[in-house]
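Here are my notes on the model you sent over. Have it open while you read, and take the points in order.

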Amino acid sequence: MKGLSIFSPLALCVVLMGTAWNGSAQQLPLRTNWQFNYFQENPAFAGFTDCLELKAGFRQQWAGFDGAPQTAFANLQGEIARSAGGGIHGFGGRVTDDSAGPYGFTQLDLAYAYHLKMAQGWRLAAGAAIGFMQYRLNLSNIVLPDFQAGNDPAITSSANQLLAPTMDFGLWVYNKYTFWGLSIQNLIEPSVDQWGLDTRFRRHVGFYGGSLIRLEGPWSFHPAGSLRFAAGAPVAVDVQALFDYDDAIRFGVGYRNESALFGLFNLQITENVKLGYAYDWNVGELQQAASSTHEVTLGILACPVRGGHVPCAAFQ
């Protein structure tokens, strides 16, 4: 396959994004250190490592703000087989637990991806994840200042917990130095009529891109960015600039539009263990009430050490 256009994923993103706008707000958590944890964002990443890789972390948003969002997440993925033509079969599982005030959900899914080998060192990965979400609403934490709020079906319904199916889809185009990704979460937009007529958990679309630029000596530069779309919510634009020293320490800064400035730091603790940390400075409307967000991610790779080098995927 020759002449691969890096704009192909972008064009597909624009087309699919048009189907996402039918009235809701951001319902899924954002993660700052997504470059350290691609699989949590996109099922097409399953199989990037030729052995099992575990990522787990926790995000405390708006520290000090009562009822602020908290997110715990973990995933396990790896290559399971290779085809005769050099294609890679990947498999994995993901779990997320998110809470914000009285509302929260736990999501569990399994993912499969196939990485098609193309010309000039490029691969195209396509993946899907199927699972379920358990949504919960803690009515004891809700104060109703207006008696009319008592007519809201989300409050009066006896269904303060419910299950809904989920399906995510992703594409990932990459070579040794560049990647482009498309992620669609809540593809089937599950209905939760128990909490009100025409109540749905809306589709979220994300587009990602980045590159690796070799510098002098052991240094390299890793610019990256993302666009995330959800019906009824502003477009989330995320740009990051990271520097890497000898594949051992990676650090940098980034910005999320109208939301946060952030710093990132990733450390190779041992050949098979990495630790990532992100700190967000709130620059939005909640700046005075809660100025900071903390995110910690641990990565463990089960690959054997080969000559002092862990055989990781690109950009890892």
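1. R250 and D244 make a salt bridge, with their closest N and O atoms 3.0 Å apart. By salt bridge I mean a side-chain nitrogen of Lys or Arg within 4 Å of a carboxyl oxygen of Asp or Glu. R250 and D244 are both buried, that is, under 20% relative accessible area (over 50% is exposed, in between is partly exposed; 1.4 Å probe, protein chains only).

2. A word on what you're looking at: this is a predicted model, where local features need pLDDT of at least 70 and side-chain atom pairs count only at pLDDT 80 or more, while totals for chains, interfaces and linings use all residues. Residues are numbered from 1 along each chain as its sequence is written, and side-chain values use heavy atoms, leaving out hydrogens and water.

3. D280 and R256 form another salt bridge, at 3.3 Å between the closest N and O atoms. D280 sits in strand 14 (residues 273-282) and R256 in strand 12 (residues 249-256), so this pair ties together parts that are 24 residues apart in sequence. Both D280 and R256 are buried. They also belong to a salt-bridge network with R59, D238 and E295. Searching the whole structure gives 13 salt bridges.

4. Which residue in strand 15 stands opposite R59? That's E295, the network member we just met. Strand 1 (residues 53-60) and strand 15 (residues 292-301) run antiparallel and are joined by eight bridges. Strand 1 also pairs antiparallel with strand 2 (residues 70-82), again over eight bridges, and there G57 has F73 as its bridge partner. Strands here are DSSP E runs of at least two residues, helices are H or I runs of at least four, and both are numbered from the N terminus; two strands pair if DSSP finds at least two bridges between them.

5. Have a look at K55. Its side chain meets E53 in a salt bridge (3.7 Å, N to O), and both K55 and E53 are buried. The charged end of K55 also sits over the ring of F36, 4.5 Å from the centre. R31 does likewise over F73, at 5.2 Å. The test for this is NZ of Lys or CZ of Arg within 6 Å of the ring centre and within 35 degrees of the ring normal.

6. Strand 4 (residues 103-117) and strand 5 (residues 123-137) run antiparallel, joined by 15 bridges, with Q107 opposite M133. Five residues lie between the strands of this hairpin, and Q120 takes a positive phi near 60°. On to strand 6 (residues 161-174): strand 5 pairs with it in the antiparallel sense over 14 bridges, Y135 being partnered by L162.

7. Now the packing. The largest nonpolar core (buried Ala, Val, Leu, Ile, Met, Phe, Trp, Tyr and Cys joined through side-chain atoms within 4.5 Å) has 16 residues, and W34, Y38, W172, Y174 and F179 have the most contacts inside it. Helix 2 (38-41) and strands 4, 5 and 6 each supply at least two of its residues. A second, separate core has seven residues, including L28, Y135, L162 and F201.

8. Last, the rings: there are 17 aromatic pairs, counted when ring centres of Phe, Tyr and Trp (its six-membered ring) lie within 6.5 Å. One cluster takes in W34, Y38, F45, F48, W172, Y174, F179 and Y208.

Conventions:
Rings of Phe, Tyr and Trp (its six-membered ring) pair if their centres lie within 6.5 Å; planes under 30 degrees apart count as stacked, over 60 as edge-to-face and the rest as tilted.
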